[in-house]
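Here are some notes to read alongside the model. Have the sequence and the 3D view open, and take the points in order.

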Amino acid sequence: DLHRVDRRQRQMCIRDSYATDVGGRIWRFDFNEYNTTPDDFAKGGIIADINEPSKEDGNRRFFNSPDISLYTPTGVSNSQILVSVGSGYRAHPLSTLTTDYHFLIRDLSGSQTPSEYTAVRMPDLESWASGNASSVNGWYVPLQQNYEKVLADSVTSDGLVMFTTYAPQNLDDPDTCEGDLGKARLYILAVSYTHLRAHETLRYL
């Protein structure tokens, strides 16, 4: 699904849209409200591609819609956008072929239409566990268990990014006599104070 962004805050003017695909890509589309011909109505491109086909466990897919927040970093005049989305093969939740993550991608163009679209890739991202608050492009969040997946949209509110996961095996309570229903977890990331520095405010769009 497309996630539509109202840059003017509730004036019902959709200027941008974000979308994901099952190839592990995040797309951004910018609409020109002053266009006079079909040629300049809109443009778009890929801003992130986290699939790693050269790795055995790198075939990641996005089945979830991106969760978009607008924020203004301390000391920076232009706003930026944080794209929150997790990977996971929703059609095959029991799959044990891929290492999935939750991703926080920084779109530095923010509410400005970029001159070109450059795709962020896995090597461009920092691990959330590293505690590196100055990551230019964003972070990937390691999950606690092998083959754990993000199968639903995240929600950002008041500086917190919240998302749920599913792992095919419940390692906390193994039971060989009954079927294993797997393990569900809730993650809550305090992005406004931990990794985006204090006084940077996040606003859900």
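1. How the residues of the second largest pocket's lining divide is a good place to start: six are nonpolar, three polar and four charged. (Ala, Val, Leu, Ile, Met, Phe, Trp, Tyr, Cys and Pro count as nonpolar, Asp, Glu, Lys and Arg as charged, and the others, Gly among them, as polar.) Before going on, a word on the basis: this is a predicted model, where local features need pLDDT of at least 70 and side-chain atom pairs count only at pLDDT 80 or more, while totals for chains, interfaces and linings use all residues. Residues are numbered from 1 along each chain as its sequence is written, and side-chain values use heavy atoms, with hydrogens and water left out.

2. That second largest pocket has a volume of about 200 Å³. Of its 13 lining residues, Ile 47, Arg 106, Asp 107, Leu 108 and Thr 118 are the closest to the centre. Strand 7 (residues 101-107) gives the most to this lining, with three residues. (Strands are DSSP runs of E, at least two residues, numbered from the N terminus.) On a 1 Å grid over the protein atoms alone, a pocket is an open set of points with protein on both sides within 12 Å along at least five of seven lines, and a cavity is a set where a 1.4 Å probe fits but cannot get out; lining residues have an atom within 4 Å of a point.

3. Now the enclosed spaces. The structure holds three cavities of 30 Å³ or more, and the largest has about 60 Å³ of space. Its lining is made up of Asn 59, Arg 60, Arg 61, Gly 88, Tyr 89, Ser 95, Thr 98, Asp 100 and Lys 149. By class, that is one nonpolar, four polar and four charged residues.

4. Have a look at strand 6 (residues 80-86), where seven of seven residues are buried (under 20% relative accessible area, against over 50% for exposed and partly exposed in between, with a 1.4 Å probe and protein chains only). In a regular strand the side chains alternate between the two faces of the sheet. Here both faces are covered, with Gln 80, Leu 82, Ser 84 and Gly 86 on one side and Ile 81, Val 83 and Val 85 on the other.

5. What does strand 6 pair with? Strand 5 (residues 67-71) runs antiparallel to strand 6 and is joined to it by five bridges, while six bridges join strand 6 to strand 7, also antiparallel. (Two strands pair if DSSP finds at least two bridges between them.) Ser 84 is the bridge partner of Asp 67, and Leu 104 in strand 7 is the bridge partner of Ser 84.

6. Further along, three strands form an open antiparallel sheet in the order 11-12-13. Strand 11 (155-157) and strand 13 (183-190) each have a single partner strand, so one side of each is left without a neighbour in the sheet. Strand 12 (residues 160-167) pairs with strand 13 over eight bridges, and Leu 160 stands opposite Ala 190.

7. Are Arg 185 and Ala 184 buried or exposed? Both belong to strand 13. Arg 185 is buried, at 16% relative accessible area, whereas Ala 184 is exposed, at 61%. The Arg 185 side chain makes polar contacts (N or O atoms within 3.5 Å; within protein, one must be able to donate a hydrogen and the other to accept it, and residues adjacent in sequence count only if both atoms are side-chain atoms) with the side chains of Gln 145 (3.3 Å) and Glu 148 (3.3 Å).

Key. Points joined across faces, edges and corners; volume = space filled by probe spheres on them. Helix = DSSP H or I, 4+ residues; strand = E, 2+ residues; numbered from the N terminus.
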